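Here's a quick briefing to read with the model open in your viewer. It walks through a histidine, a pocket and some ring contacts.

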Amino acid sequence: MMKQKMAVIGLGHMGRHMIHRLLPQYTEKIELVAICDSDESSLHREAAEAGIHPRLYTDYRQLLDEVTLDLVYIAVPPSLHYDVARIAFEKGIHVFCEKPLANSLTEARSLVELAEKADVLHAVHFSLPLDPAVLKLRALLEEQAIGGIQGMELYLEFPQWPRAWQQNPWITSRQQGGYLLEVGIHWIQMIPQVFGPITHVKSEIEFPPDSNQSESRVQAVLRLHNDIEIRLSGTDQREGEERVSLVVHGEEGTLALENWCNLYLSGKNTDLQPVPVDDVVSPLPILKQIIQILNGESGQIYDFYDGYNAQVVLEALRKPGEGFADVRAQLMGGGKKYGTEPIANLR
């Protein structure tokens with residue numbers, strides 16, 4: 001079997017995770033032939049620490065022009081996603097992109113069109129729907145463990161933004177950063193995979209006086225296709241530890257997915273109790289699924305259509321109007337469907 005030739009563009013948190021943690025698991029199937037970052041010292045340091053010898057570039061355009069590739073992983077700031085992916089598609093290279101898909105809806109829609117024209121694999125690094133805790137939550141919902149769903153709450157609450165490990169020049173910018181873009185996008189994308197489309201959005205958002213800074217407070221309602229509502233609470237001034245959680249209220253109990261991966265279940269008259277997820281078999285990581293698809297096998301990924309649709313909801317949250325915004329006309333269908341279908345008749 002021939003190895004897929006891959007490049008990593010961007011050596012922030014996710015790019016480093018890719019070269020140090022993920023790629024070493026698949027050395028028999030992927031050859032990392034090039035890495036790129038605007039910081040030359042970072043390039044040499046990360047390559048040395050990983051014990052690898054790819055070609056090193058500070059200009060992604062030069063890399064994409066000079067190196068023969070099968071797959072590129074895009075882990076640069078969101079404002080650069082469009083240009084890197086555009087060039088890759090023009091060269092017929094498969095693209096694995098970090099979220100959010102692009103820096104605007106116009107760019108995101110254009111990327112979907114370019115991906116389809118190129119007729120190559122296009123994936124966004126959405127993994128939350130395939131996390132063991134989410135798969136278990138989905139199974140419990142299918143079993144009617146809490147009866148019909150009556151409503152949900154989504155908490156994106158941080159004592160500070162950015163988090164201590166997340167220091168870079170753009171993470172607090174209104175254009176590219178903020179917890180809605182960085183964290184909220186995962187949940188905005190996961191919710192339709194489990195519960196069905198988000199069709200209406202109502203949002204109130206507060207920003208600091210500095211026009212360059214990202215949001216400080218968000219209160220919003222996301223309405224699903226079946227009229228179930230999700231109340232969103234976001235802040236960068238939470239007291240105590242951060243909370244990133246989804247709470248699902250049913251007629252017969254509650255399911256709570258707390259801080260990404262801790263699942264709890266209660267009945268009508270019982271307190272929340274931990275639900276073990278050790279027995280759940282997850283198809284993660286997404287990189288493994290991409291490798292399978294490129295090798296002609298089946299796999300589960302989320303493509304640029306999923307990335308665009310999540311960005312529709314995200315932008316409705318970040319740029320609210322009066323009352324509920326109906327986003328149904330903006331949502332796109334189509335594309336190859338690698339994931340699972342949402343659960344039907346949950347109410």
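His 125 is buried: its relative accessible area comes out at 11%, and the cut-off for buried is under 20%. Keep in mind that this is a predicted model. You'll find His 125 in the loop that runs between strand S6 (122-124) and helix H6 (132-142). Its side chain makes a polar contact with the side chain of Glu 98, at 2.5 Å.

**The largest pocket**

- If you're after space, the largest pocket holds about 1,300 Å³ of it.
- A total of 44 residues line this pocket, and those closest to its centre are His 13, Met 14, Gly 15, Glu 98 and Glu 182.
- So Glu 98 turns up twice here: it is among the residues closest to the pocket centre, and its side chain is the polar partner of the His 125 side chain.
- Two elements give two or more residues to the lining, namely helix H1 (13-22) and helix H7 (179-195).
- H1 gives the most, with six residues.
- By residue class, the lining splits into 22 nonpolar, 14 polar and eight charged residues.

**Aromatic pairs**

- The structure holds six aromatic pairs, and a couple of them are worth pulling up.
- Tyr 73 and Phe 96 have ring centres 5.1 Å apart and planes at 45°, so this pair counts as tilted; edge-to-face would need over 60 degrees, and stacked under 30.
- That pair links distant parts of the chain, as Tyr 73 belongs to strand S4 (residues 71-74) and Phe 96 to strand S5 (residues 94-97), with the two residues 23 apart.
- Both Tyr 73 and Phe 96 are buried.
- Phe 158 and Trp 161 also pair up, this time edge-to-face, with 5.2 Å centre to centre and 70° between the planes.
- Phe 158 and Trp 161 are both buried as well.
- Add Tyr 179 to Phe 158 and Trp 161, and you have one aromatic cluster.

**Charges over rings**

- Arg 223 has its charged end over the ring of Phe 324, 3.9 Å from the ring centre.
- Arg 243 does likewise with Tyr 155: its charged end sits over that ring, 3.9 Å from the centre.

Key:
Residues are numbered from 1 along each chain as its sequence is written. This is a predicted model: local features need pLDDT of at least 70, side-chain atom pairs count only at pLDDT 80 or more; totals for chains, interfaces and linings use all residues. Side-chain values use heavy atoms; hydrogens and water are left out. On a 1 Å grid over the protein atoms alone, a cavity is a set of points where a 1.4 Å probe fits but cannot get out, and a pocket is an open set with protein on both sides within 12 Å along at least five of seven lines; lining residues have an atom within 4 Å of a point. Grid points are joined across faces, edges and corners, and a volume is the space filled by probe spheres set on the points. Helices (H or I, at least four residues) and strands (E, at least two) are DSSP runs, numbered from the N terminus. Ala, Val, Leu, Ile, Met, Phe, Trp, Tyr, Cys and Pro count as nonpolar, Asp, Glu, Lys and Arg as charged, and the others, Gly among them, as polar. Rings of Phe, Tyr and Trp (its six-membered ring) pair if their centres lie within 6.5 Å; planes under 30 degrees apart count as stacked, over 60 as edge-to-face and the rest as tilted. Buried means under 20% relative accessible area, exposed over 50%, partly exposed in between (1.4 Å probe, protein chains only). A charge sits over a ring if NZ of Lys or CZ of Arg is within 6 Å of the ring centre and within 35 degrees of the ring normal. A polar contact is a pair of N or O atoms within 3.5 Å; within protein, one must be able to donate a hydrogen and the other to accept it, and residues adjacent in sequence count only if both atoms are side-chain atoms.
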